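Dear colleague,

Please find below the structure I wished to hand over to you, followed by an account of what was found in it. I should be grateful if you would read the notes with the model open beside them.

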Amino acid sequence: MKFKIIVQFVFSVWLLISINFFLLRCLPGTPLDHMESFNFIVQQQWVKDLSLDQPLLHQYFGYLKNILKGDLGPSISFAGLSVGEVIEGHISVSLGLNVLALGLVFFLALALMAGDLLHPGTWPSRGTYMISISIISAPSVLLAPLMILILSVRWGWFPGAFLSSPYHYILPAVILALRPAVYLAKTLSLFM
């Protein structure tokens, strides 16, 4: 049974990697199209470094081999760095933010459930229900900017940008945690 799960996992990862590779190759142009300001020699070196001068299957197998080695190639946006180095430089911020958001998911889910369970049918229960429906109904692309506009720009409670101190992590973590907290609260309240 475990072997079957491992095979399915490996197959799924390979399929996603392959779809990603071939879909990107179907797009018009190359990753170097925005580098028109570079001279011809520099562009040709990039074409060689990225194996864009090779046949498609050669590019694909080279891509798979590099992924298996953990080499994600050179970064086009950050000159002189590999993609792995760019990820390594920013992973601590992402991990810190996501760990904080995960903790907030459980805290907010318990807070939302408390209104429903402690006083069913009263204004706290109806209030948490209205807040939950509003959070679930609002698209993510609207909810985050709206919260930044209200909590940061209008009221000035939280900084709206940069993660330079622990205080700066609060608003992004709350925004990341809201929707999962509502889903978790609604799911757990079904079992109460």
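Leaving aside its neighbours within four places in sequence, with which residues is Leu 143 in contact? They are Ile 135, Ala 138, Leu 178 and Arg 179. Please bear in mind throughout that this is a predicted model.

The nonpolar cores

Leu 143 also has a place in the largest nonpolar core, which holds 13 residues. Together with Ile 135, Met 147, Leu 178 and Ala 185, Leu 143 is among the members that touch the most other members of that core. Three elements give two or more residues to this core, namely α4 (83-118), α6 (140-154) and α7 (170-190). The largest share comes from α7, with 5 residues. Apart from this core lies another, of 8 residues, which includes Leu 97, Ala 101, Val 105 and Ala 181. As general background, nonpolar side chains in soluble globular proteins tend to be buried together.

The surroundings of Gln 59

A polar residue deserves separate mention. Gln 59 is part of helix α3, which spans residues 56-69. Is Gln 59 buried or exposed? Its relative accessibility is 11%, and Gln 59 therefore counts as buried, the cut-off for that class being under 20%. The side chain of Gln 59 makes a polar contact of 3.1 Å with the side chain of Arg 25. In addition, a polar atom of the Gln 59 side chain lies 2.8 Å from the backbone oxygen of Gln 54. Once neighbours within four places in sequence are set aside, the residues in contact with Gln 59 are Phe 21, Arg 25, Ser 51, Leu 52 and Gln 54. Arg 25 and Gln 54 thus appear both in the polar pairs and in this list of contacts.

Aromatic residues

Phe 21, one of the residues in contact with Gln 59, is also a member of an aromatic cluster. The cluster is formed by Phe 21, Phe 22, Tyr 60, Phe 61 and Tyr 63. The count of aromatic pairs comes to 8.

The chain as a whole

The protein chain contains 7 helices and 0 strands, so that its elements, from the N terminus on, read α-α-α-α-α-α-α. Its radius of gyration is 23 Å, whereas a compact globule of 192 residues would have one near 16 Å. Along the principal axes, the C-alpha atoms fill a box of roughly 70 × 50 × 30 Å. Of the 192 residues, 20% are buried. The accessible surface comes to about 13,900 Å², and carbon and sulfur atoms account for 73% of that area. Where contacts between residues at least 6 apart in sequence are concerned, 59% join residues at least 24 apart.

Two further positions

Pro 145 lies in helix α6 and is partly exposed, with a relative accessible area of 43%. Its C-alpha atom is separated by 9.5 Å from that of Ile 175, which is 30 residues away along the chain. Glu 88, in helix α4, has a relative accessible area of 62% and is therefore exposed. Glu 88 and Phe 158 are 70 residues apart in sequence, and their C-alpha atoms are 28 Å apart in space.

With kind regards

How values were computed. Residues are numbered from 1 along each chain as its sequence is written. This is a predicted model: local features need pLDDT of at least 70, side-chain atom pairs count only at pLDDT 80 or more; totals for chains, interfaces and linings use all residues. Side-chain values use heavy atoms; hydrogens and water are left out. Helices (H or I, at least four residues) and strands (E, at least two) are DSSP runs, numbered from the N terminus. Buried means under 20% relative accessible area, exposed over 50%, partly exposed in between (1.4 Å probe, protein chains only). A polar contact is a pair of N or O atoms within 3.5 Å; within protein, one must be able to donate a hydrogen and the other to accept it, and residues adjacent in sequence count only if both atoms are side-chain atoms. Contact means heavy atoms within 4.5 Å. A nonpolar core is a set of buried Ala, Val, Leu, Ile, Met, Phe, Trp, Tyr and Cys residues joined through side-chain atoms within 4.5 Å. Rings of Phe, Tyr and Trp (its six-membered ring) pair if their centres lie within 6.5 Å; planes under 30 degrees apart count as stacked, over 60 as edge-to-face and the rest as tilted. The radius of gyration is taken over C-alpha atoms; the globule rule is 2.2 Å times the number of residues to the power 0.38. Accessible areas come from the Shrake-Rupley method with a 1.4 Å probe; for residues, only the protein chains shown count as cover.
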